[in-house]
Amino acid sequence: QSGHYGRDRTPVVKLDDDKYKSFIRTMPRNYSIVVMFTALSPNRNCKICKEVHTEYTTLARSHRYSRSFNSDIFFTMVDYDGGAAIFQRLKLTSAPVILHFPASGKRKKEDKFDLERYLELKVDDYSQFYSKTSTCYSK
């Protein structure tokens, strides 16, 4: 799956329905996935989506370009306008939402980043979430 990072080494892989099935629904897999479900289209006017996207991309970039980079975890994104079926499948009724899909087993309560608890979203908040849900993270 590491080929999904592409030649430009983008830190956040954009998922459509086919990529979502390939990345997340296919089991077994030897990597974890963090997915930001968002609504970035200008006609959606989701200001918090833009703020979260900036912080999420910063975290993904810091992982992608770190010396300790490995392909045990991928940072991905599903935008509502290109992935409404995925939102519906997961019963997501708002955005943004950040979920961790572990390499094996079912998601647990702590695999959902609780955005409502954070008034000011910062990379450190995501980093703490990431370190709790991933066994391959190192600062």
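This report describes the sheet of a predicted model, the helices around it, and two residues, D16 and S32.

**The sheet**

The model contains an open sheet of 5 strands in the order β1-β3-β2-β4-β5, and its pairing is mixed. At the edges stand β1 (13-14) and β5 (112-113), each of which pairs on one side only. Helix α2 (residues 47-64) packs on this sheet and touches β2, β3 and β4 (97-101). The direction of α2 makes about 160 degrees with that of β3.

Strand β2 (residues 32-38) runs parallel to strand β3 (residues 73-79), and 7 bridges join the two. With β4, strand β2 pairs in the antiparallel sense over 5 bridges. The table gives bridge partners of residues in β2.

| Residue | Partner |
|---|---|
| S32 | I73 in β3 |
| V34 | F75 in β3 |
| I33 | F101 in β4 |

Strand β2 is mostly covered, with 7 of its 7 residues buried. In a regular strand, side chains alternate between the two faces of the sheet. On one side of β2 are S32, V34, M36 and T38, and on the other are I33, V35 and F37; all of these are buried, which leaves both faces of the strand covered.

**The helices**

Besides packing on the sheet, α2 belongs to a right-handed β-α-β unit made with β2 and β3. Helix α3 (residues 80-89) lies across β2 and β3 and runs at about 100 degrees to β3.

Which residues of helix α1 (residues 17-25) are buried? They are Y20, F23 and I24. These three lie on the same side of α1 because they cover an arc of only 80 degrees around the axis. An α-helix has 3.6 residues a turn, so residues three or four places apart point the same way. The buried residues of α1 pack against strands β1, β2, β3 and β4 and against helix α3.

**D16, at the start of α1**

D16 is placed in the loop between β1 and α1. At the start of α1, a side-chain oxygen of D16 comes to within 3.2 Å of the backbone nitrogen of D18.

Is D16 buried, partly exposed or exposed? Its relative accessible area is 36%, so D16 counts as partly exposed, since buried means under 20% and exposed means over 50%.

Leaving aside neighbours within four places in sequence, D16 is in contact with G82 and I86. Both of these contacts fall within the residue range of helix α3 (residues 80-89). D16 also lies 8.9 Å from M77, C-alpha to C-alpha, although 61 residues separate the two in sequence.

**S32, in β2**

S32 is found in strand β2. Its relative accessible area is 11%, so S32 is buried, the limit for that term being under 20%. Not counting residues up to four places away in sequence, S32 touches D72, I73, F74, H100, F101, P102 and A103. Among these contacts, I73 is also the bridge partner of S32 in β3. Another of them, F101, is the residue in β4 that stands opposite I33.

**Summary**

Strand β2 is joined to β3 by 7 bridges and to β4 by 5 bridges, and both of its faces are covered. Helix α2 packs on the sheet, and helix α3 lies across β2 and β3. The buried residues of helix α1 pack against elements that include β2 and α3. D16 is partly exposed, whereas S32 is buried.

Definitions and conventions: Residues are numbered from 1 along each chain as its sequence is written. This is a predicted model: local features need pLDDT of at least 70, side-chain atom pairs count only at pLDDT 80 or more; totals for chains, interfaces and linings use all residues. Side-chain values use heavy atoms; hydrogens and water are left out. Two strands pair if DSSP finds at least two bridges between them. Helices (H or I, at least four residues) and strands (E, at least two) are DSSP runs, numbered from the N terminus. Contact means heavy atoms within 4.5 Å. Axes are lines fitted to C-alpha atoms, for helices over the stretch in contact, and angles run from 0 to 180 degrees between N-to-C directions. Buried means under 20% relative accessible area, exposed over 50%, partly exposed in between (1.4 Å probe, protein chains only). The arc is that of the directions from the helix axis to the C-beta atoms. A polar contact is a pair of N or O atoms within 3.5 Å; within protein, one must be able to donate a hydrogen and the other to accept it, and residues adjacent in sequence count only if both atoms are side-chain atoms. A crossover is right-handed if, with the strands pointing away from the viewer, the path from the first strand over the helix to the second runs clockwise.
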